[in-house]
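Trainee: Could you show me how to read the surroundings of a ligand in a protein model?
Mentor: Gladly; please bring up the model, and we will go through it step by step.

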Amino acid sequence: MSEQLQQNIATAQGYLARFKERTLGHYINGEWTLGSEDQTFENTTPTDQSVLGNVVQGSVADVDAACAAAHAAADGWAAMSGAARKKILHKLGDELEKRAEEIAMVESMDCGQPLRFMRQAAIRGAANFRFFADKAPEARNGLSLHQDQHTNYTVRNPIGPVAVITPWNTPFMLSTWKIAPALAAGCTVVHKPAELSPLTATVLAECAEAAGLPKGVWNMVNGFGSIVGKALTENPKIKAVALVGDSATGKKIQAQTANTLKRLHLELGGKNPVIVFDDADFERALDAVVFMIYSLNGQRCTSSSRLLVQSGIKDKFLSALKVRVANLKVGHSLDPATEVGPLVHTGHYDKVTSYFDIAKQEGARVAVGGVSLRDELGPGNYVSPTLFVEAANSMRIAQEEIFGPVLTAIEFETEEQAIALANDTIYGLAGYIWTSNTGCAMRMADKVEAGMLWVNSENNRNLPSPFGGVKMSGIGRDGGDWSFDFYMETKNVCIAHDLHSVPVLGR
Ligand code: NAD
């Protein structure tokens with residue numbers, strides 16, 4: 001073990017000690033509480049399966065209390081000026097930056113993401129709050145729509161209390177991405193963090209408290225999706241649900257919210273293609289292909305988990321890729337040298353490793369990896385970065401979201417074939433196109449079914465741009481003003497110029 005890793009583990013243990021000493025509870029109406037339920041569950045670290053602490057299992061009563069608090073605080077928060085909300089949200093950004101090291105270490109231990117990527121978590125989270133803070137004063141803006149004898153104008157009002165339900169893969173960043181625009185729009189929030197990685201949601205709520213958010217504006221309830229998540233989506237006080245999660249969960253939430261007719265934004269799974277043409281910039285495409293599936297342990301909704309490579313460069317590209325994949329450094333998430341850390345949970349480790357056999361049974365070849373690294377690295381959820389070749393798009397390894405450091409490579413000949421393969425999936429979140437032919441890039445961008453396409457780039461995030469997917473990858477967009485459209489209701493006001501004749505009845 002390197003000296004730096006030993007030091008990082010010691011620092012992380014310092015930050016984690018309090019979670020071991022006290023049961024992790026909820027934050028409801030400005031109070032830290034264990035709620036109404038005595039039962040707890042253990043939260044473990046995927047680095048070695050040791051227990052980080054106990055988490056209270058939220059109950060329906062806890063959810064009701066959080067929703068009531070969010071409801072009671074809604075009018076006051078909505079009435080606060082955008083400028084005042086902007087000030088508080090910037091203060092929240094300051095609080096996150098102050099605790100950046102703690103957030104990075106806690107997140108890395110809780111969900112197994114390598115520290116090299118998590119170091120940016122708080123900074124990006126703060127940037128999300130600052131971006132939407134600056135937009136808060138203009139959130140209510142609308143349009144003026146002229147008619148000859150009337151003028152229409154639109155205004156936006158916050159929709160009310162909203163539920164934000166987040167997954168375990170990059171829990172901190174994703175939570176800030178959803179909660180920041182909701183608060184900037186003037187909505188109050190009940191946040192339900194993922195049960196597999198709940199720790200940084202508590203740090204986040206502490207930062208909100210320190211920033212001076214009024215009581216009830218931000219509430220957080222820990223527990224399971226089947227109880228807390230379900231109750232939250234069914235609660236009539238909640239007006240909209242923003243979910244980041246699995247497509248199966250998205251379907252359940254659509255059914256759960258039907259009775260109370262809620263607005264939904266569903267950011268779900270993906271099986272995103274990266275399409276590399278013969279004329280692509282070879283080295284840049286290679287870097288991007290490796291980065292977009294093996295960074296963040298492949299536990300990333302926008303990961304390019306299907307490589308579609310044109311026949312002219314296939315052999316050269318795959319042999320260079322094999323070398324890079326075999327070179328990836330797998331290890332403890334706090335090791336600064338680690339490029340791929342342990343998978344979040346044993347259940348997820350079992351799922352990812354099951355595809356090693358599935359690939360062989362389906363007739364694909366394991367070019368690199370395809371093994372567990374537990375013998376080598378200890379009891380954490382370590383797997384080797386894996387590359388499947390000689391695959392067909394109909395195979396499960398090309399159709400199902402594995403959500404690990406596992407890439408399936410498929411050959412194509414023509415642009416038309418590339419489009420057909422890219423679209424032959426139930427998903428449609430993201431796509432990546434590598435070519436030096438602008439016309440080809442434009443045609444592909446037009447035809448590939450996805451909410452987001454990157455040309456000659458890995459996933460580059462732009463906060464004003466829309467984010468979201470099509471098909472089973474989700475419904476709705478956020479980012480920039482799209483977020484305000486989701487968290488706000490648009491009202492049209494039509495004013496007559498007193499020129500038109502009003503229809504007369506019964507005179
Ligand atoms: P998950 O769907 O299992 O859980 C997500 C959240 O939903 C958790 O907080 C969970 O407790 C909650 N939940 C589960 N059942 C619920 C129910 N019936 N009602 C209400 N809430 C419920 O997802 P996960 O395994 O935590 O995360 C991985 C998934 O998230 C992957 O499919 C990944 O692609 C997706 N994801 C999508 C995006 C995106 O932007 N499209 C981003 C990150 C992750």
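Mentor: What follows is a short walk around the ligand in this predicted model.

Trainee: How many residues surround the ligand, and which are the closest?
Mentor: A residue counts here if one of its heavy atoms lies within 4 Å of the ligand. In this structure 29 residues surround the ligand, and the closest are Glu195, Thr249, Glu267, Leu268 and Glu401.

Trainee: How do the residues of the shell divide into nonpolar, polar and charged?
Mentor: The shell around the ligand contains 14 nonpolar, eight polar and seven charged residues.

Trainee: Which residues place polar atoms by an oxygen atom of the ligand?
Mentor: For such a pair we look for N or O atoms within 3.5 Å. A polar side-chain atom of Thr249 lies 2.5 Å from a ligand oxygen, and one of Glu267 lies 2.7 Å from a ligand oxygen, while Gly225 uses a backbone N or O atom at 3.3 Å. The ligand on its own has 850 Å² of accessible area, of which the protein covers 91%.

Trainee: Where does the ligand sit, and which helix supplies the largest share of its shell?
Mentor: The ligand sits in the largest pocket, and helix 10 supplies the largest share of the shell, four residues. Domain 1 (8-268 + 473-491) and domain 2 (273-455) each contribute at least three residues to the shell.

How values were computed: Residues are numbered from 1 along each chain as its sequence is written. This is a predicted model: local features need pLDDT of at least 70, side-chain atom pairs count only at pLDDT 80 or more; totals for chains, interfaces and linings use all residues. Side-chain values use heavy atoms; hydrogens and water are left out. A polar contact is a pair of N or O atoms within 3.5 Å; within protein, one must be able to donate a hydrogen and the other to accept it, and residues adjacent in sequence count only if both atoms are side-chain atoms. Accessible areas come from the Shrake-Rupley method with a 1.4 Å probe; for residues, only the protein chains shown count as cover. On a 1 Å grid over the protein atoms alone, a cavity is a set of points where a 1.4 Å probe fits but cannot get out, and a pocket is an open set with protein on both sides within 12 Å along at least five of seven lines; lining residues have an atom within 4 Å of a point. A molecule sits in a cavity or pocket if more than half of its atoms lie within 2 Å of its grid points. Helices (H or I, at least four residues) and strands (E, at least two) are DSSP runs, numbered from the N terminus. Ala, Val, Leu, Ile, Met, Phe, Trp, Tyr, Cys and Pro count as nonpolar, Asp, Glu, Lys and Arg as charged, and the others, Gly among them, as polar. Domain bounds come from an automatic or database domain assignment.
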